[in-house]
Amino acid sequence: MLIFVLPFFLIFSAIGIGAGSESIGAGAALIGGGIIGMIFGIIVYGVIIFVVTLIATSLLNFVLKKTGGLDIDFEKVGFDFEAQSNQGRIEQ
């Protein structure tokens with residue numbers, strides 16, 4: 001979030017400083033002016049994303065409960081050390 005929103009806040013802040021007392025510049029300075037605006041925007045975005053994720057996961061769990069769940073098959077894959085330990089040995 002910091003990577004994407006911080007440049008926009010800096011641009012809005014620059015517009016506000018460059019515009020002086022015009023209404024557009026004052027609004028842009030209010031939205032993105034300074035550290036407080038940047039921190040507030042990141043916190044608000046985090047809270048909104050948390051709430052949206054909470055709603056989406058609740059909806060998904062409700063739908064999966066009504067439809068019988070999500071069918072996942074697991075399979076054991078990997079290196080079998082016991083089968084490979086006898087290869088390469090010379091029996092005398």
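These legends describe a predicted model, first as a whole and then in close-up. Residue numbers start at 1 in each chain and follow the written sequence, and side-chain values rest on heavy atoms, without hydrogens or water. Local features require pLDDT of at least 70 and side-chain atom pairs count only at pLDDT 80 or more, whereas totals for chains, interfaces and linings take in all residues.

**View 1. The protein has 4 helices and 0 strands.** Its pattern along the sequence is α-α-α-α. Helices (H or I, at least four residues) and strands (E, at least two) are DSSP runs numbered from the N terminus. Of the 92 residues, 11% are buried. Buried means under 20% relative accessible area, exposed means over 50%, and partly exposed lies in between (1.4 Å probe, protein chains only). The accessible surface is about 8,200 Å². Carbon and sulfur atoms hold 70% of that surface. Accessible areas come from the Shrake-Rupley method with a 1.4 Å probe; for residues, only the protein chains shown count as cover.

**View 2. Confidence is lowest in helix α2 and highest in α3, by mean pLDDT among the elements.** pLDDT is the predictor's confidence in each residue, on a scale from 0 to 100. The mean is 57 for α2 (residues 23–32) and 87 for α3. For the protein, the mean is 74. A value of 70 or more is reached by 58% of the residues.

**View 3. Seven residues, I39, I43, V47, F50, V51, L54 and I55, make a nonpolar surface patch.** The patch covers about 680 Å². Patches take residues with over 30% relative accessible area and no salt bridge; like charges are joined within 9 Å, nonpolar side chains (Val, Leu, Ile, Met, Phe, Trp, Tyr) within 5 Å. A salt bridge is a side-chain nitrogen of Lys or Arg within 4 Å of a carboxyl oxygen of Asp or Glu. One patch member, I39, sits in helix α3 (residues 34–67). I39 is partly exposed because its relative accessibility is 45%.

**View 4. F4 belongs to helix α1 (residues 2–19).** Its relative accessibility is 64%, so F4 counts as exposed. The C-alpha atoms of F4 and I42 are 10.0 Å apart. Along the chain, F4 and I42 are 38 residues apart.

**View 5. F8 is also found in helix α1.** F8 is exposed, at 52% relative accessible area. Between the C-alpha atoms of F8 and M38 the separation is 9.3 Å. These two residues are 30 residues apart along the chain.
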